[in-house]
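Student: Can we go through this structure together? I'd like to start with one residue and work outward.
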Amino acid sequence: MTKSILVINGPNLNLLGTREPEIYGAETLGDIKDTMTEKAALLELSVDFRQSNMEGEIVTWIQEARGSFDAIVINAGAFTHTSVAIMDALLAVDIPTVEVHLSNIFKREEFRHHSYISAAAVGMITGFGANGYLMAVDAVKNMIK
Ligand code: CA2
């Protein structure tokens, strides 16, 4: 049976491919959605791929995921380093979660070294660019089989 993944992208990730390619790569969020959806289909997984610049909207999506999704993949963008609310929502729904970052947050500024999301995630994939989203599909497949 096909299992479903909710993929959540946080603030400014809609700008991917338009600015700062040296940090975040040349692919757009649409490109990442397409390659991730293709790979997931090969593994009998479906993907609902979303982006929001609003913390509250992300919290609501996570709350609503209970009963509808088997796993969450989240790149919370800058909310990674600030949002107790997103962490609390993930802990509350108790859906296996993979945290993804395009850049290696530990090679960057000190304020990016701490993630609230990690406290609610099975693990983190950081620094592999857009390929990290594909690695997350493999991680989900292994987690929920
Ligand atoms: O490396 C990542 O994936 C981040 O989650 C990206 C966030 C950053 O705040 C985190 O520390 C690490 C920023 C996303 C902003 O994306 C942009 C893309 C293109 C142009 C400008 C911003």
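Tutor: Sure. Keep in mind that this is a predicted model. Let's start with D34, which is partly exposed, with a relative accessible area of 47%.

Student: Where does D34 lie?

Tutor: D34 lies in helix α2, which covers residues 29-42.

Student: And what kind of surface patch is D34 part of?

Tutor: A negative one. E27, D31, D34 and E38 form that patch.

Student: OK, salt bridges next. How many does the structure hold?

Tutor: Four salt bridges. One of the pairs is K39 with D138, whose side chains meet at 2.9 Å, N to O.

Student: Which parts does that pair tie together?

Tutor: K39 lies in helix α2 and D138 in helix α5, so the pair ties together parts that are 99 residues apart in sequence.

Student: Are those two buried or partly exposed?

Tutor: K39 is partly exposed, with a relative accessible area of 24%. D138 counts as partly exposed too, at 33% relative accessibility. The cut-off matters here: buried means under 20% relative accessible area.

Student: Why do such side chains pair up in general?

Tutor: Side chains of opposite charge can pair when their charged atoms come close.

Student: What does E109 form a salt bridge with?

Tutor: R112, for one. The closest N and O atoms of R112 and E109 are 2.7 Å apart. The side chain of E109 also meets that of R108 in a salt bridge, at 3.9 Å, N to O.

Student: How accessible are E109 and R112?

Tutor: E109 counts as partly exposed, at 36% relative accessibility. R112 counts as buried, at 17%. Through shared partners, salt bridges join R108, E109 and R112 into one network.

Student: New topic: the inside. Which residues of the largest nonpolar core touch the most other members?

Tutor: V7, F49, V73, Y133 and V140. That core has 23 residues.

Student: Which elements each supply at least two residues of this core?

Tutor: Two helices and four strands are on the list. The helices are α2 and α5 (131-144). The strands are β1 (3-9), β2 (45-51), β3 (71-75) and β4 (97-101).

Student: Where does the largest share come from?

Tutor: From α5, with five residues.

Student: What do nonpolar side chains tend to do in general?

Tutor: In soluble globular proteins, they tend to be buried together.

Student: Now the backbone. What is phi of N12 near?

Tutor: Phi of N12 is near 75°. That is a positive value in a residue other than glycine.

Student: What sign does phi have in most such residues?

Tutor: Most residues other than glycine have a negative phi.

Student: So where does N12 lie, and how accessible is that residue?

Tutor: N12 lies in the loop between β1 and α1 (21-24). At 52% relative accessibility, N12 counts as exposed.

Student: And what about phi of E20?

Tutor: Phi of E20 is near 50°, again a positive value. E20 is found in the loop between β1 and α1. At 42% relative accessibility, E20 counts as partly exposed.

Student: Last one. Is I105 buried or exposed?

Tutor: I105 is buried, with a relative accessible area of 3%. I105 is found in the loop between β4 and β5 (123-126).

Student: How many Å separate the C-alpha atoms of I105 and K33?

Tutor: They are separated by 22 Å. Along the chain, I105 and K33 are 72 residues apart.

Methods. Residues are numbered from 1 along each chain as its sequence is written. This is a predicted model: local features need pLDDT of at least 70, side-chain atom pairs count only at pLDDT 80 or more; totals for chains, interfaces and linings use all residues. Side-chain values use heavy atoms; hydrogens and water are left out. Patches are made of residues with over 30% relative accessible area and no salt bridge: like charges are joined within 9 Å, nonpolar side chains (Val, Leu, Ile, Met, Phe, Trp, Tyr) within 5 Å. Accessible areas come from the Shrake-Rupley method with a 1.4 Å probe; for residues, only the protein chains shown count as cover. Lys and Arg count as positive and Asp and Glu as negative; His and the chain ends are not counted. The place of a charge is taken as NZ of Lys, CZ of Arg, CG of Asp or CD of Glu. Buried means under 20% relative accessible area, exposed over 50%, partly exposed in between (1.4 Å probe, protein chains only). A nonpolar core is a set of buried Ala, Val, Leu, Ile, Met, Phe, Trp, Tyr and Cys residues joined through side-chain atoms within 4.5 Å.
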